[in-house]
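Hello,

Here is the structure I promised to pass on. Please open it alongside this email, as my notes follow below.

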There are 2 protein chains.
Amino acid sequence: MLNCLSGTNCVCLKMTNILVEPHIDEAEDFIRRGIQKHNVLLIVGNCCVEYEGRASSKLEPGERIVIIKEDGALLIHRSTGYEPVNWMPGGNVVYHVRTIKSKEENSRDRISVNWQPPDCIFHVQMEDKMLKIHAVRRKPTESVKVFFDKFHMVSVLSLVDSGEFALYATEEDMQKAILAEPSLVEEEFKPISYERKVEPGFVDVYGMDKEGNLVVVEIKRKTAGNEAVLQLAKYVDAIRENTNRDVRGILVAPNIAKGVQTLLATIKLEFKALSPRKCAKILEKSRTRKLESFFKEK
Amino acid sequence: MLNCLSGTNCVCLKMTNILVEPHIDEAEDFIRRGIQKHNVLLIVGNCCVEYEGRASSKLEPGERIVIIKEDGALLIHRSTGYEPVNWMPGGNVVYHVRTIKSKEENSRDRISVNWQPPDCIFHVQMEDKMLKIHAVRRKPTESVKVFFDKFHMVSVLSLVDSGEFALYATEEDMQKAILAEPSLVEEEFKPISYERKVEPGFVDVYGMDKEGNLVVVEIKRKTAGNEAVLQLAKYVDAIRENTNRDVRGILVAPNIAKGVQTLLATIKLEFKALSPRKCAKILEKSRTRKLESFFKEK
DNA sequence: GAGTGGATTTCGCAT
DNA sequence: ATGCGAAGTCCACTC
């Protein structure tokens with residue numbers, strides 16, 4: 001389990017890939033291999049930093065946390081502050097994953113991964129008895145050099161993280177915001193009712209545009225997918241049949257899933273982006289007002 | 001040196017304060033004490049995150065790096081990307097350090113530190129067999145909850161870091177920028193000649209203002225201090241004597257040290273702020289040009 | 001404390 | 001590729 005490579009304070013846990021208080025030579029090897037494997041590197045040590053590119057900067061020696069991510073992003077953090085003191089945004093890492101079907105009956109399919117290098121590339125080498133990690137990027141042309149003379153911890157991580165991240169306001173918040181500020185949906189949009197019962201269920205907001213057309217608004221708090229479009233289409237069709245009038249359908253959501261946009265256009269429905277931030281701002285102003293009051297006023 | 005508290009994979013290095021693959025109970029104690037001591041915490045583990053405030057967000061489970069800094073800044077980083085997926089900017093930590101003079105002859109002065117809590121406060125507790133780290137902030141009101149069910153590494157760091165950070169454009173960059181765009185110094189400023197740097201750190205440019213007065217420009221790539229003002233004053237005085245004409249002196253730098261501004265005004269010199277960013281932008285258009293070429297054109 | 005503008009802004013979506 | 005606008009922008013400075 002433990003594999004103490006050398007030195008009195010050095011500990012290497014192979015399974016977790018952590019070096020504690022390593023000699024600089026061990027750290028060098030460890031870091032180089034970590035970068036080659038495109039893992040996440042987590043480094044704590046005494047270093048100075050030079051940046052050259054869109055501007056220039058120099059950071060005198062001190063103990064910092066350095067993170068190198070799978071996409072080549074480089075972050076250098078001090079003991080305070082939200083922002084990194086130095087950094088390099090690394091992007092455009094594309095993993096082309098291709099499944100190669102096995103010809104054997106009970107054999108697993110192979111997976112071929114073509115890895116495309118990130119915008120940001122790294123060079124690791126000793127210089128003046130210090131370990132230099134040099135990150136270079138084209139477009140814009142810039143470079144960050146980190147010089148270590150002491151490592152407290154070096155860790156190579158394979159972070160397993162497929163968890164979805166969703167940013168949203170609650171659907172009720174979005175509804176409130178739209179009723180308080182109908183122009184969020186469209187200029188001169190006039191809400192008539194909300195949570196109106198229609199055949200298949202309830203319409204989120206129901207109103208009229210400046211031409212006098214009926215408008216059905218469907219609200220989704222997160223990225224709108226196919227099901228949101230179909231739901232809206234159902235309401236629009238139902239109201240068209242009931243009223244025998246022109247009815248527009250507008251899908252309001254923070255954003256819309258790739259490809260769903262074309263489906264939406266095909267059946268002549270519309271999309272209006274509405275960010276959670278904007279909803280929160282609108283609600284700030286009318287926090288105390290009750291949902292019902294919006295209509296009593298009119 | 002090694003102190004394996006429990007579990008097969010757990011290692012605790014007291015001196016470096018690192019827990020590797022700890023049980024959740026150990027991690028809890030460790031993290032709570034780390035936060036109380038206002039140290040930097042470095043955590044790697046499986047977690048999900050909920051944010052509520054200016055907007056709302058939910059991050060499904062996955063392995064991430066979590067950093068809590070001395071000022072209460074909270075960063076949650078995934079395996080890619082420059083930006084944290086969730087965060088809390090922690091600021092306003094003020095250490096009031098007061099030196100209490102010792103009355104004894106050969107005794108050290110005492111230092112009294114009044115610590116003012118950061119805007120962001122933390123609560124650590126078990127919830128549903130997970131460790132919840134709850135960060136709360138007022139103004140704006142927001143909260144981040146991180147739920148851990150597995151820790152790979154927990155580290156409490158006392159980062160010793162007094163290294164100065166300086167952001168600047170090189171003096172040549174700033175010189176080029178001014179020659180390319182003289183209005184950076186002043187409207188209708190006309191450069192006449194430039195002088196290569198005499199002492200490290202600054203370069204002079206000679207020119208004329210729209211009134212026909214001679215203008216001496218001193219460039220500092222970093223925050224201008226007293227010495228910059230005195231250097232400029234020396235130049236201005238020398239040229240006044242030589243030419244027997246009115247000479248203005250303008251100090252160009254990213255910014256000026258506190259208090260130096262008044263000194264500058266006292267001896268009737270001027271200051272013009274010029275950010276490295278602005279220089280970089282100007283130079284974007286004329287990156288390859290030699291310094292001399294700015295005059296050949298005219 | 002609120003408002004304003006800059007940033008080594010970054011990031012995403014449009015053309 | 002390029003350009004434009006939003007961001008849980010952050011951050012520093014002014015009023």
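A definition to start with: helix axes are lines fitted to C-alpha atoms over the stretch in contact, and angles run from 0 to 180 degrees between N-to-C directions. Keep in mind that this is a predicted model.

First, a helix pair in chain A. Helix H2 (residues 171-180) of chain A packs against helix H5 (residues 276-285) of chain A. The angle is about 60°, and the axes are 9 Å apart. Angles of 65 to 115 degrees would count as roughly perpendicular. H2(A) and H5(A) are therefore oblique to each other. Their crossing is left-handed. H2(A) brings A:Asp173, A:Met174, A:Lys176, A:Ala177 and A:Ala180 to the contact. H5(A) brings A:Cys279, A:Ile282 and A:Leu283. By class, that contact has six nonpolar, two charged and no polar residues.

Next, the DNA. How many residues surround DNA strand C? There are 15, and the closest are A:Arg54, A:Asn86, B:Lys139, B:Ser275 and B:Arg277. By class, the surface near DNA strand C has eight nonpolar, two polar and five charged residues. Strand S6 (86-88) of chain A and strand S12 (165-168) of chain B each supply at least two residues of that surface.

On the DNA side, 74% of the strand C atoms within 4 Å of the protein belong to sugar or phosphate. The rest belong to bases. Three side chains are worth a look here. A polar side-chain atom of A:Asn86 lies 2.7 Å from a base oxygen of DNA strand C. For A:Tyr51, a polar side-chain atom is 3.2 Å from a base oxygen of the strand. For A:Glu142, a side-chain N or O atom is 3.4 Å from a base oxygen of the strand.

Best wishes

Conventions: Residues are numbered from 1 along each chain as its sequence is written. Chains are lettered from A and ligands numbered from 1 in the order in which they are written. This is a predicted model: local features need pLDDT of at least 70, side-chain atom pairs count only at pLDDT 80 or more; totals for chains, interfaces and linings use all residues. Side-chain values use heavy atoms; hydrogens and water are left out. Helices (H or I, at least four residues) and strands (E, at least two) are DSSP runs, numbered from the N terminus. Angles under 35 degrees count as roughly parallel, over 145 as roughly antiparallel, 65 to 115 as roughly perpendicular and the rest as oblique. A crossing is left-handed if the near helix is turned anticlockwise from the far one by less than a right angle, and right-handed if clockwise. Contact means heavy atoms within 4.5 Å. Ala, Val, Leu, Ile, Met, Phe, Trp, Tyr, Cys and Pro count as nonpolar, Asp, Glu, Lys and Arg as charged, and the others, Gly among them, as polar. A residue is near a molecule or strand if one of its heavy atoms lies within 4 Å of it. A polar contact is a pair of N or O atoms within 3.5 Å; within protein, one must be able to donate a hydrogen and the other to accept it, and residues adjacent in sequence count only if both atoms are side-chain atoms.
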